[in-house]
Amino acid sequence: MALTNTNKPAPPEHIAIIMDGNGRWAKQRGLPRTAGHSAGAETLRRIAKHCNTLGVKYLTVYAFSTENWKRSQEEVSGIMKLLRRYLEESLRDMEKNQVRIRFFGDLTRLSPELQQLCRETEARSQDYKVQMNFCINYGGRDEMVHAARAFAADVAAGMRKPEELTEDLLATYLYSADVPDPELIIRPSGEQRTSNFLLWQSAYSEYVFMNVLWPDFSPEDLDRAIEEYHRRNRRFGGT
Ligand code: IPE
Ligand code: IPE
Ligand code: MG
């Protein structure tokens, strides 16, 4: 196990988080659900900063799923507005933060303005080494369909042969191309399911489920999840 100079084991290279529990947090306080999302965005800032301090190279966060369109129009537009604000602030503070931002998901369903903002954020941050992946209109199944279509199109165009397809090649067609699989996936809020998150990439991820709502999730909670991860015995099918 790699050690840092404080003799603490090195953190996972890639941590993914299902940012869940915003609605319940708001309900507990008699606030509208959007207030929970707003508090959740603040939590993300704190946690992203803490990941940076710990030396985590990739942070992937589930912000909006392909199923979340089922929510009220008011809630969906509130979340989109928050995303927009978050990205505008990230653009503003880009040089200070030095974080590369990428998006996993089908962005074509977002407003043209938000799509443009995503493209601009990706382009302007592409040379930074630490990376945050925002999953927006993301679904693990949708990602695989998207990859299968792209591969089929390459076959139809004569650039690939069906028998060339391997696990490694398929991975290059996913939104997460070039990003290593997450070692640790954290889901706060008490729910114990994947909800369509990183289905391919999580084949051997360690899941840590926590009973805290995302707006209350603290840097110490992240430390606890990492400690739990270090206690796990990863076998990858071996002995
Ligand atoms: C997660 O919090 C944020 C999104 C899914 C966009 P929820 O809004 O799902 O919060 P709960 O699960 O209802 O408490
Ligand atoms: C998963 O949470 C999606 C995000 C956190 C963005 P949900 O709240 O949508 O998941 P379910 O409905 O509880 O499975
Ligand atoms: Mg939820």
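**Figure 1. The largest cavity and the residues around it.** In this predicted model, the lining of the largest cavity divides into 5 nonpolar, 3 polar and 1 charged residues. The residues in question are His14, Phe104, Ser176, Val179, Pro180, Asp181, Pro182, Leu198 and Gln201. The volume of this cavity is about 30 Å³, and the count of cavities of 30 Å³ or more comes to 1. Two of the lining residues turn up again in later views: His14 belongs to strand β1, and Leu198 is a member of the second nonpolar core. If you like to think in probes, rolling one the size of a water molecule over the atoms shows where empty space is left.

**Figure 2. Strand β1, enclosed on both sides.** Strand β1 covers residues 14-18, and 5 of its 5 residues are buried, so the strand is largely enclosed by the rest of the structure. Here is a pattern worth following along the chain: His14, Ala16 and Ile18 point one way, while Ile15 and Ile17 point the other way. Such alternation of side chains between the two faces of the sheet is what a regular strand shows. Which strands pair with β1? One is β2 (residues 58-65), joined to β1 by 5 bridges in a parallel arrangement, with His14 standing opposite Tyr58. Another is β5 (residues 184-187), which also runs parallel to β1, here over 3 bridges. Ile17 stands opposite Ile186 in this pairing, and Ile15 has Leu184 as its bridge partner.

**Figure 3. Strand β5 and its pairing with β6.** Moving along from β1, we come to β5, a strand with both faces covered. Leu184 and Ile186 lie on one side of β5, Ile185 and Arg187 lie on the other, and all are buried. Note that this buried set includes Arg187. β5 pairs with strand β6 (residues 206-209) in the parallel sense, over 4 bridges. Within that pairing, Ile185 in β5 has Tyr207 in β6 as its bridge partner.

**Figure 4. The nonpolar cores, with Ile17 in focus.** The largest nonpolar core has 43 residues, and those that touch the most other members are Ile15, Ile17, Phe134 and Ile186. Helix α3 gives the most to this core, with 7 residues. A second, separate core holds 13 residues, including Tyr58, Phe104, Cys135 and Leu198. In soluble globular proteins, nonpolar side chains tend to be buried together. What does Ile17 touch, leaving out residues up to four places away in sequence? Its contacts are Ile47, Leu59, Thr60, Val61, Tyr62, Ile186, Pro188, Phe197 and Trp214. Among them is Ile186, the residue that Ile17 stands opposite in β5.

**Figure 5. The largest pocket.** This pocket holds about 620 Å³ of space. It is lined by 29 residues, and those closest to its centre are Met19, Asn22, Tyr62, Ala63 and Asn68. At least two lining residues come from each of α1 (22-28), α2 (33-54), β2 and α3 (73-92). Helix α2 makes the largest contribution, with 5 residues. By class, the lining has 13 nonpolar, 8 polar and 8 charged residues.

**Figure 6. The second largest pocket.** The volume here is about 440 Å³. Of the 21 lining residues, Arg45, Ala48, Lys49, Asn97 and Val99 lie nearest the centre. Two or more lining residues come from each of α2, β2, α3, α4 (94-97), β3 (99-104) and β4 (130-138). As the largest share, α2 supplies 5 residues. The lining divides into 11 nonpolar, 5 polar and 5 charged residues.

**Figure 7. Leu31, between two helices.** Leu31 sits in the loop between α1 and α2. Its relative accessibility is 39%, so Leu31 counts as partly exposed. Setting aside neighbours within four places in sequence, the contacts of Leu31 are Trp25 and Ala26.

**Figure 8. Gly237, after helix α8.** For the last view, we go to the segment that follows α8 (219-231), where Gly237 is found. Is Gly237 buried or exposed? With a relative accessibility of 64%, Gly237 counts as exposed, because exposed means over 50%. The C-alpha atoms of Gly237 and Ala147 are 26 Å apart, and the two residues are separated by 90 residues along the chain.

Note on methods. Residues numbered from 1 in each chain as written. Chains lettered and ligands numbered in written order. Predicted model: local features only at pLDDT ≥ 70, side-chain atom pairs only at ≥ 80, totals over all residues. Heavy atoms only, no water. Buried < 20%, exposed > 50% of the residue type's maximum accessible area, 1.4 Å probe, protein only. Pairing = 2+ DSSP bridges. 1 Å grid on protein atoms, 1.4 Å probe; cavity = no way out; pocket = protein on both sides within 12 Å on 5 of 7 lines; lining within 4 Å. Points joined across faces, edges and corners; volume = space filled by probe spheres on them. Nonpolar A, V, L, I, M, F, W, Y, C, P; charged D, E, K, R; others polar. Core = buried A, V, L, I, M, F, W, Y, C linked by side-chain atoms within 4.5 Å. Contact = heavy atoms within 4.5 Å.
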